[in-house]
Amino acid sequence: MAPLALNLQVDALQSLPNLAELPTNEATILARIGVFRAFAAGDTIPIARLRSSQCYVILSGVADTVILDRDGEPISIGELGEGDFFGNSIFFSSHSLLYAVQAQTQIFALQWSIERLHEKKQHLPLFMRLLEASYLQRRAVSALSRVPLFSHVSVEERALLATQLTRQEFGRNTVIFEQGSAGQALYLIEQGQIAVEQHGVIVATLSDGDFFGEMALLSATPHNATLRCLTPTRCLHLPGAVFAAQVAQHPSLEAAVRRVIDERVHHSERVRGDQTRQHLIKVAVRYGMFRGSHVLVRQPAQCPPDCRICEQACAERFGQTRMRLNGAKIEDWDITQSCRQCRVGAECVEACPEAAIQWDDNGALRITDACTGCNECVLACPYDAVESQTIFLQNQQGPLWQLWQRMRQQSHQIQPKTVASKCDLCAGYDDRACLSQCPTGSLQLISIEELFPF
Ligand code: SF4
Ligand code: SF4
Ligand code: SF4
């Protein structure tokens, strides 16, 4: 495909209805760093989470956007046409939406690399605002689409409903509503974790994609639980009247909500009548089990007496172990004291003044070279998963290199450096040392759903 002349690309951008106000200097920058692309009808354009990925605006043509629901089933969240962006979510969130775009007709688009947009963003103020508004709108639609409750509602109605949603942010420990208060809205969790408490007992936790507030609305009774944020939490708020109108229009929606209510009532009755279950949930919340998607655990009964091979393997690789055995006990499991890779509101990330703790593309939070060893993250982590470590420069270059560095240090040519250290799931390695070297298979990186199937 021959490149389009710069002035034609500028014209093409400014002729899009949503970019009509785009100043010529912004349009020119975008045209310069953009690549003109054509896709045939039927092409699928995958949207990756990587910073090296691409962002597009459709100049002409129609496409369908498909996301996966919570069970991994594809669902359409609507059509894209002239002026619509896609691939822009990575720009605004490290946990960006993962979706695919399918061309229904031939599509002409302008494509930018996310990296180039980052470099130029201070010169693109209006464009960045439009890009963010489009991202937020798609987030709202996809949040609605992922809630099984709204699978009964058409794509068009979901898009309309999304315009009635308002985003609300709550800090850690904020009570969203109290048990006994009146119901006023339905809430959908976009991001975050919330404890459901009845009479001071945590009976459940909710997270991304879950909804709450439905019971009080449907039964016109006060809330039967207090909802408390365990992490900073972002919710979409649907006014009770809008929800009631939807329920009136869609009897199947009411039936689906009532099914969820029955399940929740049944679940909370079981928890309230079962001290062991209550204890497990309490311990799981206390030790941050639900903060990440997986956790390093072992079954002590399978471990030979005094075996610490996993700790030693980690220490050999990193100079100091990043996990400790004998953390919290949950049934037959020993939950190791190691980083949970907290998906939302990681205290270490919030505390770091250098923004040195960053997500990598494999879902691990990694401490980068920007760390100054200030100790803030060590103090902030509620699970004691970060420790200080004294390193010698290039300490991962092999024993001879380290010996040489130590000799230089002894001759005062270099100083040791203190940095923070925590498990990053062996980022940059082909294996996880602790798991690879565990001789019995007792140590596992296990999914939270497997550990807590309730
Ligand atoms: S260091 Fe602590 S706060 Fe940070 S991600 Fe790991 S467990 Fe969470
Ligand atoms: S010790 Fe390093 S990673 Fe931790 S808060 Fe300080 S600069 Fe950030
Ligand atoms: S996964 Fe790697 S960094 Fe994490 S505890 Fe195991 S060996 Fe250490």
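# Briefing: ligand shells, sheets and a helix pair

Around ligand 2 stand Cys352, Pro353, Glu354, Ile357, Cys371, Thr372, Gly373, Cys374, Asn375, Glu376, Cys377 and Ala420. This is a predicted model. The points below cover the three ligand shells, two open sheets, a hairpin and a helix pair.

**Ligand shells**

- The shell of ligand 2 holds seven nonpolar, three polar and two charged residues. Cysteines in it are Cys352, Cys371, Cys374 and Cys377. Its charged residues include Glu354 and Glu376.
- Ligand 1 is enclosed by Cys339, Arg340, Cys342, Ala346, Glu347, Cys348, Leu365, Cys381, Pro382, Tyr383, Val386 and Lys422. Nine of these residues are nonpolar and three are charged, with no polar residue.
- Ligand 3 has Leu296, Cys314, Phe318, Arg322, Met323, Cys423, Leu425, Cys426, Arg432, Ala433 and Cys434 around it. Two elements, helix H10 (309–318) and helix H14 (433–437), each give two or more residues to this shell. By class, the shell of ligand 3 has nine nonpolar residues, two charged ones and no polar ones.

**Sheet S9-S16-S11-S14**

- This is an open sheet of four strands, paired antiparallel in the order S9-S16-S11-S14. Strand S9 (166–170) and strand S14 (211–212) are its edge strands, each pairing on one side only.
- Strand S11 (residues 185–191) and strand S16 (residues 233–239) run antiparallel and are joined by six bridges. Within this pair, Leu186 faces Leu238 of S16.
- Helix H7 (residues 240–249) lies across S11 and S16. The helix runs at about 65° to S16.

**Sheet S18-S19-S17-S24**

- A further open sheet has four strands in the order S18-S19-S17-S24, and the pairing is antiparallel.
- Why does one side of strand S18 (324–330) and of strand S24 (444–447) lack a neighbour in the sheet? Both stand at the edges with a single partner strand each, so one side of each is left without a neighbour.
- On average, neighbouring strands of this sheet are turned by 50° against each other, direction ignored.
- Two bridges pair strand S17 (residues 294–298) with strand S19 (residues 333–337) in the antiparallel sense. Arg298 stands opposite Asp334 in S19.
- Strand S17 covers residues 294–298, and Leu296 is one of the residues around ligand 3.

**Hairpin of S12 and S13**

- Strand S12 (residues 194–198) and strand S13 (residues 201–206) run antiparallel, with five bridges between them. Val196 is set opposite Ala204 in S13.
- Two residues lie between the strands of this hairpin. His199 takes a positive phi near 50° there.

**Helix pair H1 and H2**

- Two packed helices are described by the angle and the distance between their axes.
- The axes of helix H1 (residues 6–14) and helix H2 (residues 24–33) come within 9 Å. They cross at roughly 120°, which means that H1 is oblique to H2.
- The crossing of H1 and H2 is right-handed.
- From H1, the contact draws on Leu6, Gln9, Val10, Leu13 and Gln14. From H2, it draws on Thr24, Ala27, Thr28, Leu30, Ala31 and Arg32.
- Six nonpolar, four polar and one charged residues make up the contact of H1 with H2.

Conventions
Residues numbered from 1 in each chain as written. Chains lettered and ligands numbered in written order. Predicted model: local features only at pLDDT ≥ 70, side-chain atom pairs only at ≥ 80, totals over all residues. Heavy atoms only, no water. Pairing = 2+ DSSP bridges. Contact = heavy atoms within 4.5 Å. Axes fitted to C-alpha atoms, helices over the stretch in contact; angles between N-to-C directions. Near = heavy atom within 4 Å. Nonpolar A, V, L, I, M, F, W, Y, C, P; charged D, E, K, R; others polar. Parallel < 35°, antiparallel > 145°, perpendicular 65-115°, else oblique. Left-handed = near helix turned anticlockwise from the far one by under 90°.
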